[in-house]
Amino acid sequence: MARKVKVSSVILNIRLHPHTDELYRQFIEDLFDLKQIVRLHGDRHGMISLIDRSRASEGTVTGTITTFTVVEIDGEWFDAESLAEASDDQVSEVRIPRNLHPNAASFFFHFDIKRHRLFVQNYSKGKVLTPQQALTLFKTLSEHLDITHKYTLAKITLVQSQAGLESLFSLDRLDRITITIMKPNADILSANFVDEIEGHLAAIHARKLTVSYVAEPGDSLVPDQDMRKLSAAALENGNVEAIGRDGTGRVKRSTEDFPLVLQDRYDPDDTTEHQAFRRLVAQGTED
């Protein structure tokens with residue numbers, strides 16, 4: 001049996017209005033049609049390189065993200081042998097087509113258009129697409145003028161982990177908890193809470209609801225059931241921030257620093273990477 005290989009995924013929550021299946025399908029296809037390269041970090045860039053619409057009628061659009069290094073051909077060049085700046089003659093010998101980029105890596109994605117959750121593979125054959133880079137890619141594409149003209153501004157956030165939330169609540173002292181929920185929202189507190197909050201936000205032209213709890217001087221907040229329900233909803237639809245104290249002194253923490261990462265391992269002798277990713281997504285969809 002071959003040594004098992006890691007597969008992992010982060011999840012983005014995408015919010016559009018009105019949030020219909022067809023609108024989400026069109027949205028992801030329009031992002032692909034941009035064919036836009038996005039800077040992720042340093043000289044590392046990425047783009048949506050493939051999309052599969054064959055299962056759209058079932059509520060799923062899948063595809064591939066490719067990341068690569070963008071070489072600045074017109075920049076300064078260095079000769080490591082002579083330890084000097086390369087001459088014009090040396091640089092003139094460089095022939096790299098502008099459409100070719102080295103150090104490529106591919107990552108699968110799976111868009112559940114019914115739940116508007118986008119699963120993005122973030123580890124493949126030793127290559128990593130960090131949660132923040134996945135968020136940067138789709139947020140940047142969604143802010144393209146052609147996209148905002150058609151859909152206004154999409155709200156895209158990383159789904160955060162329950163463990164991260166507990167790390168906030170476990171501070172020795174909680175001075176302030178701030179919960180931000182973007183519209184549309186999860187079903188929390190009451191059966192018609194979504195309609196009430198979404199209708200309220202729309203009526204006042206607001207895009208988010210922020211609830212802030214501040215402790216009495218000298219006291220620490222004690223999270224109750226209602227605060228935990230609000231906070232749990234924010235893990236998919238916003239974020240939670242805490243200010244308080246631990247053993248090191250005053251600290252500030254955010255659930256955005258604790259993205260939810262789904263992980264599994266597979267045997268490459270009997271399972272392809274794509275099959276392993278699909279299995280991981282299936283597990284995440286059941287949660």
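**Exercise 1. Helix α5 and its packing**

Task: In this predicted model, find which elements the buried residues of α5 pack against.

Solution.
Step 1. Pick out the buried residues, meaning those under 20% relative accessible area. In α5 they are G164, L165, S167, L168 and F169.
Step 2. List what they pack against. The buried residues of α5 meet three strands and a helix: β11, β13, β14 and α7.
Step 3. Place the whole helix. α5 spans residues 162-169 and packs on the sheet, where it touches β11 (173-182), β13 and β14.
Step 4. Add the direction. The angle between α5 and β13 is about 35 degrees.

**Exercise 2. Strand order**

Task: Work out in which order the strands of the open sheet lie, and which strands are at its edges.

Solution.
Step 1. Start with β11 and β12. They run antiparallel and are joined by seven bridges. One pair to check is I177 with its bridge partner Y213 in β12.
Step 2. Go to β11 and β13. Eight bridges pair them, again in the antiparallel sense. Here T178 has E241 in β13 as its bridge partner.
Step 3. Continue to β14. Strand β13 (residues 238-246) pairs with β14 over six bridges, in the antiparallel sense. D246 is bridged to G249 in β14.
Step 4. Assemble the sheet. The order of the four strands is β12-β11-β13-β14, with antiparallel pairing. The sheet is open.
Step 5. Name the edges. β12 (208-214) and β14 (249-254) each pair on one side only.
Step 6. Note the twist. From one strand to the next, the twist averages 10 degrees.

**Exercise 3. Cover on β11**

Task: Determine how many of the residues of β11 are buried, and which strands lie under helix α7.

Solution.
Step 1. Count along the strand. Eight of the ten residues in β11 are buried. The strand is mostly covered.
Step 2. Look at helix α7 (residues 225-237). α7 lies across β11, β12 and β13. Its direction makes about 50 degrees with β11.
Step 3. Bring back α5. That helix also touches β11, and β11 is among the elements its buried residues pack against.

**Exercise 4. A surface patch**

Task: Identify which residues make the nonpolar surface patch of about 230 Å², and where L100 lies.

Solution.
Step 1. Select the residues. V71, I96 and L100 make the patch.
Step 2. Locate L100 in the chain. L100 sits in the loop between α2 (88-92) and β7 (105-112).

Technical notes: Residues are numbered from 1 along each chain as its sequence is written. This is a predicted model: local features need pLDDT of at least 70, side-chain atom pairs count only at pLDDT 80 or more; totals for chains, interfaces and linings use all residues. Side-chain values use heavy atoms; hydrogens and water are left out. Two strands pair if DSSP finds at least two bridges between them. Helices (H or I, at least four residues) and strands (E, at least two) are DSSP runs, numbered from the N terminus. Axes are lines fitted to C-alpha atoms, for helices over the stretch in contact, and angles run from 0 to 180 degrees between N-to-C directions. Contact means heavy atoms within 4.5 Å. Buried means under 20% relative accessible area, exposed over 50%, partly exposed in between (1.4 Å probe, protein chains only). Patches are made of residues with over 30% relative accessible area and no salt bridge: like charges are joined within 9 Å, nonpolar side chains (Val, Leu, Ile, Met, Phe, Trp, Tyr) within 5 Å. Accessible areas come from the Shrake-Rupley method with a 1.4 Å probe; for residues, only the protein chains shown count as cover. A salt bridge is a side-chain nitrogen of Lys or Arg within 4 Å of a carboxyl oxygen of Asp or Glu.
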